[in-house]
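Me: I am new to this structure and would be grateful for a close look at one part of it. Please concentrate on the aromatic rings and their surroundings.

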Amino acid sequence: MNHKLLELQTLLRENSLLITFSGKFTQSIIEELGEAVKKYLETEKRPQNAIFDLFSIFIEQTQNIKNYCSLMQDSDFGERISESCIVTIGKTETGNYVCSGNQIQNCDTAKLIKALDEINLLDKEELKKMYKMKRKQDISSLEGPGAGLGLIDIARKVKQPLEYTITELDSQFSFFTLKATV
């Protein structure tokens with residue numbers, strides 16, 4: 001085990017990962033990791049708006065995963081999904097990124113791909129308009145928790161389009177990964 005831990009640390013360092021968490025997301029874990037991220041970035045003397053954007057994206061991504069897990073918790077596969085969660089925060093040459101992932105049902109992939117592809121086609125002004133429009137909609141007319149507001153908000157804060165992958169695991173599940181670079 002000690003050798004594996006050293007391999008893991010080397011892998012994390014090589015990929016400039018600052019924080020990695022894998023396991024069930026709870027509100028307290030999200031809050032504690034968020035605070036750790038803010039404190040770390042403040043020690044690096046990052047601009048306040050960059051710290052806020054990264055923190056906000058981290059919270060949104062982890063909340064999205066937590067909400068999906070909550071929706072699935074009473075199903076036969078709720079435990080499988082909730083145990084598949086991971087989030088990482090890393091450095092790039094010009095800033096930072098938040099990358100998160102979890103298992104999703106294959107029946108959810110088409111809707112997710114459609115939403116992300118539509119968001120990635122919009123410029124900052126179009127994203128702002130879409131965000132305002134979605135916020136004004138009657139809550140009862142929205143599909144599911146958040147109705148994509150979080151993804152739109154993330155896209156408004158990033159330097160480049162959202163990156164995502166969906167890797168099919170079996171006939172029922174895929175692993176969804178989302179990367180946002182600030």
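Reply: What follows concerns the aromatic pairs, then the charges that sit over rings, and finally one buried glutamine. The model is a predicted one. The count of aromatic pairs comes to two.

One of them joins Phe21 and Phe25, whose ring centres are 5.9 Å apart. The angle between their planes is 45°, and the pair is tilted. Phe21 is partly exposed, because its relative accessible area is 21%, whereas Phe25 counts as buried at 10% relative accessibility.

The other pair is formed by Phe77 and Phe173, with a distance of 5.3 Å between the ring centres. Their planes meet at 75°, so this pair is edge-to-face. Phe77 belongs to the loop between α3 and α4, while Phe173 lies in strand β5 (residues 173-181), so the pair ties together parts that are 96 residues apart in sequence. Phe77 is buried, with 16% relative accessibility, and Phe173 is buried as well, with a relative accessible area of 2%.

Two lysines also sit over aromatic rings. The charged end of Lys38 is placed over the ring of Phe55, 4.6 Å from its centre. Lys179 lies over the face of Tyr97, and here the distance to the ring centre is 4.5 Å.

Finally, Gln61 is a residue of helix α3, which spans residues 48-72. Gln61 is buried, since its relative accessible area is 1%. Apart from neighbours within four places in sequence, Gln61 contacts Val98, Cys99, Ser100, Ile154, Leu178 and Ala180.

How values were computed: Residues numbered from 1 in each chain as written. Predicted model: local features only at pLDDT ≥ 70, side-chain atom pairs only at ≥ 80, totals over all residues. Heavy atoms only, no water. Helix = DSSP H or I, 4+ residues; strand = E, 2+ residues; numbered from the N terminus. Buried < 20%, exposed > 50% of the residue type's maximum accessible area, 1.4 Å probe, protein only. Contact = heavy atoms within 4.5 Å. Phe/Tyr/Trp six-rings, centres within 6.5 Å; stacked < 30°, edge-to-face > 60°. Lys NZ or Arg CZ within 6 Å of the ring centre and 35° of its normal.
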